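The following exercises are intended for a reader meeting this structure for the first time. Please inspect the sequence and the structure before attempting them.

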Amino acid sequence: MARRMPPRRTKSRDSARRGKKKVSPLTIAKVDFVDYKDNDMLRKFVSERAKLKTRQNTGNDEKQQRDVARAVKNAREMALIPYTNRVTSQRRERRSDDRSARADGPPPRPTAPPPGSGDEATTEELEAVESVEVVESVESVEVVETIETEATDEPAEPLEAVDEEDEEGAES
């Protein structure tokens, strides 16, 4: 004989999981008119980030939800309820060993072309370029030093001569 299959369930699994339907706080308090001045009641329908909670979360029917939404909007306009609540999360502490320290200044320039480009420079060419850069930097430092010494020597002499002329003119 063939085995018999057990009878299928008549209820859907979704309705079994939902559980009991929520009852609205308006129904519990027997409120006919939702007043925008009743902050305590309106805060039950607003999330911690000041967003309106859905009907599924509050248990309101359609008309109650419309009335609550209108009352919350009026209360916000009258500055009884904030439009937004800032929620700041605690930032984790950064450790110095998590990341390496960032270098100051611009990133280093590549000394050679990318591999596979065919224009690869030899080590001799790279050393020649580096030595030219060192010579140029040393020459520029020497030029700056000579300009500074010339600038400090020249103005001192004419100023003294002018002072002497002023003193002679003041005496006569």
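The exercises below concern a predicted model, and each is followed by a worked solution.

**Exercise 1. Describe the overall make-up of the chain.**

Task: State which secondary structure elements the chain contains, and what share of its residues is buried.

Solution.
- Step 1. The chain holds seven helices and zero strands. Its pattern along the sequence is accordingly written α-α-α-α-α-α-α.
- Step 2. The chain has 172 residues, and 13% of them count as buried.
- Step 3. The accessible surface amounts to about 16500 Å², and carbon and sulfur atoms account for 50% of this area.
- Step 4. Consider contacts between residues at least 6 apart in sequence: 54% of these join residues at least 24 apart.

**Exercise 2. Identify the largest nonpolar core and the elements that supply it.**

Task: List the residues of the largest nonpolar core and determine which element gives the most to it.

Solution.
- Step 1. The largest nonpolar core consists of twelve residues: L26, V34, M41, L42, F45, V46, A50, V68, A71, V72, A75 and I81.
- Step 2. Two elements, α3 (39-43) and α5 (62-77), each give two or more residues to this core.
- Step 3. The element that gives the most is α5, with four residues.
- Step 4. The surroundings of one core member, L26, can now be examined. Beyond its neighbours within four places in sequence, L26 is in contact with V31, V34, M41, F45, N60, Q64 and V68.

**Exercise 3. Compare two loop residues, V34 and K22.**

Task: For V34 and for K22, decide whether the residue is buried, partly exposed or exposed, and name the residues in contact with each.

Solution.
- Step 1. V34 is located in the loop between α2 (25-29) and α3. The relative accessible area of V34 is 13%, so V34 is buried, given that buried means under 20%.
- Step 2. When residues up to four places away in sequence are not counted, V34 touches L26, L42, D67, V68 and A71. V34 and R66 are 32 residues apart along the chain, and their C-alpha atoms are separated by 10.0 Å.
- Step 3. K22 is located in the loop between α1 (13-18) and α2. The relative accessible area of K22 is 47%, so K22 is partly exposed.
- Step 4. Leaving aside neighbours within four places in sequence, K22 is in contact with Q56, N57 and G59. A polar atom of the K22 side chain lies 3.1 Å from the backbone oxygen of N57.
- Step 5. K22 and N60 are 38 residues apart along the chain, with their C-alpha atoms separated by 8.3 Å.

**Exercise 4. Trace the salt bridges.**

Task: Give the number of salt bridges, and establish which residues are linked in a network.

Solution.
- Step 1. The count comes to two salt bridges, the cut-off being a nitrogen-to-oxygen distance within 4 Å.
- Step 2. One salt bridge joins the side chains of D67 and K63, at 3.2 Å from N to O. Both residues, D67 and K63, lie in helix α5, four residues apart, which is about one turn of the helix.
- Step 3. Another joins the side chains of R70 and D67, at 3.8 Å from N to O. R70 and D67 likewise both lie in helix α5, three residues apart, about one turn of the helix.
- Step 4. K63, D67 and R70 are thus linked in a network of salt bridges.
- Step 5. R70 has a relative accessibility of 52% and therefore counts as exposed.

**Exercise 5. Examine R76 and E77.**

Task: Determine what the side chain of R76 reaches, and with which side chain E77 makes a polar contact.

Solution.
- Step 1. R76 has its place in helix α5. R76 is buried yet has no salt bridge, and the nearest side chain of opposite charge, E77, is 9.2 Å away.
- Step 2. The R76 side chain reaches the backbone oxygen of A50 at 2.4 Å.
- Step 3. Apart from neighbours within four places in sequence, R76 is in contact with A50, K51, L52, I81, P82 and Y83.
- Step 4. E77 is also found in helix α5. The relative accessibility of E77 is 61%, so E77 counts as exposed.
- Step 5. The side chain of E77 makes a polar contact with the side chain of Y83 at 3.2 Å.

Note on methods: Residues are numbered from 1 along each chain as its sequence is written. This is a predicted model: local features need pLDDT of at least 70, side-chain atom pairs count only at pLDDT 80 or more; totals for chains, interfaces and linings use all residues. Side-chain values use heavy atoms; hydrogens and water are left out. Buried means under 20% relative accessible area, exposed over 50%, partly exposed in between (1.4 Å probe, protein chains only). Contact means heavy atoms within 4.5 Å. Accessible areas come from the Shrake-Rupley method with a 1.4 Å probe; for residues, only the protein chains shown count as cover. A nonpolar core is a set of buried Ala, Val, Leu, Ile, Met, Phe, Trp, Tyr and Cys residues joined through side-chain atoms within 4.5 Å. Lys and Arg count as positive and Asp and Glu as negative; His and the chain ends are not counted. A polar contact is a pair of N or O atoms within 3.5 Å; within protein, one must be able to donate a hydrogen and the other to accept it, and residues adjacent in sequence count only if both atoms are side-chain atoms.
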